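Student: I should like to understand the reasoning behind the terms used for this structure. May we go through them one at a time?

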Amino acid sequence: MLDLNDLAMFVQVVRAGSFSEAARRLGMPANTLSRRIDQFEGQLGTRLLHRSTRKLAPSAEGQALFERYAPALDQIFEIERLHADMQAPSGSVRVTAMLGLFEIFRMEWLAEFYTRYPHIRIDFLLDDTPTDLIAERIDLALRMGIETGSGFKVRRLASNALILAASPAYLERRPAPRTLRELAEHDCLTISNRQGRNTWRLQGPRGTQEVSINSRFAVNDMRVLAHACVAGLGIALLPQLITEPFIALGQLVRVLPSYRRASTELGLQLVYTSRPPVPPAVAVFADFLWEKLSEVMPSSSQN
């Protein structure tokens, strides 16, 4: 009985015209391929290839074997390819995320994903307001600071700590504070609040402390606040996951790094709306998001 693997190697050698080229296409050493063909010829009891230092060609028996079985092998491999395509994740994945997603998620990552999974289509809905995940037919939600109801599977992607940061340009004009009390002497950037109070409550070496600050600029969007900080308007208390990319680029530096605040809001989360088993396309894109965002997030853990 013919061994289909040996037969397929023989067909590849004939088509390639050399052991080295056939071995490259098959991803195996040329000497291993040559040995396998020798063994195949021994099993059949006939010479299939005429070899010389300059030429390789099938014998009459080898040509007959090639013509008889190569088309059948092609059909088998085509069936296997079609079956693999059918088994590969496919379909559309509808994702909702915050407006600033693509400030931390790189477009070239999507190109990498589509190379891995050419049959999946991603449909993004970017919105900072809470979305009815079921009504909007969402498969996957990437949320920060939005409470997620019970009944959904949630994976936490990043911590929700807030840290103090300023731009190098600001710190050239104003020496960095050495103590928490000295923050009161600086221009600070804050999130708008209706109470009008400008007090930061921070955890540090001495436990929890409060400091009254001078808010020079206030806005109700953390990303705008980060850009104001980069522009040199003052010191800001920002989510670490937003700040880290700017720090990596040298656009921001930590101020009083031993102090931080654990936000009352939630950190960055992946929320699945599908009940188990999760559709394959959703599962692979969720894992891809986890993999890539974990590379740029300050910390990650799974719930």
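Tutor: Certainly. This is a predicted model. Of the 303 residues of the chain, 40% count as buried. The chain has ten helices and 15 strands.

Student: Why is Cys 188 called buried?

Tutor: The term buried applies under 20% relative accessible area. Cys 188 has a relative accessible area of 0%, so it is buried. Cys 229, also at 0%, is therefore buried as well.

Student: How do you know that Cys 229 has no bond to the sulfur of Cys 188?

Tutor: A disulfide requires two cysteine sulfur atoms within 2.5 Å. The sulfur of Cys 229 is 9.7 Å from the closest cysteine sulfur, in Cys 188, and this is therefore too far for a bond. A search of the whole structure finds zero disulfides.

Student: What makes the pair of Phe 113 and Tyr 114 edge-to-face?

Tutor: Two values are needed. Ring centres must lie within 6.5 Å for a pair, and planes over 60 degrees apart count as edge-to-face. The centres of Phe 113 and Tyr 114 are 6.1 Å apart and their planes are at 65 degrees, so the pair is edge-to-face.

Student: Why is the pair of Phe 113 and Tyr 117 called tilted?

Tutor: Planes under 30 degrees apart count as stacked and those over 60 as edge-to-face, with the rest tilted. For Phe 113 and Tyr 117 the centres are 5.1 Å apart and the planes are at 45 degrees, so the pair is tilted. Both tyrosines belong to one aromatic cluster with Phe 113, Phe 124, Phe 285 and Phe 288.

Student: Is Phe 113 buried or exposed, and what of Tyr 114 and Tyr 117?

Tutor: Phe 113 is at 0% relative accessibility, so it counts as buried. Partly exposed lies between the cut-offs of 20% and 50%. Tyr 114, at 33%, is therefore partly exposed, and Tyr 117, at 22%, is partly exposed too.

Student: Which residues have the most contacts inside the largest nonpolar core?

Tutor: That core has 40 residues, and those with the most contacts inside it include Val 93, Phe 105, Leu 140 and Phe 285. Its largest share, nine residues, comes from helix α10, residues 280-296. A second, separate core of 21 residues includes Ala 8, Phe 10, Val 14 and Ile 37.

Student: What does Phe 105 touch, leaving aside residues up to four places away in sequence?

Tutor: Phe 105 touches Leu 110, Phe 288, Leu 289, Lys 292 and Leu 293.

Conventions
Residues numbered from 1 in each chain as written. Predicted model: local features only at pLDDT ≥ 70, side-chain atom pairs only at ≥ 80, totals over all residues. Heavy atoms only, no water. Core = buried A, V, L, I, M, F, W, Y, C linked by side-chain atoms within 4.5 Å. Buried < 20%, exposed > 50% of the residue type's maximum accessible area, 1.4 Å probe, protein only. Helix = DSSP H or I, 4+ residues; strand = E, 2+ residues; numbered from the N terminus. Contact = heavy atoms within 4.5 Å. Phe/Tyr/Trp six-rings, centres within 6.5 Å; stacked < 30°, edge-to-face > 60°.
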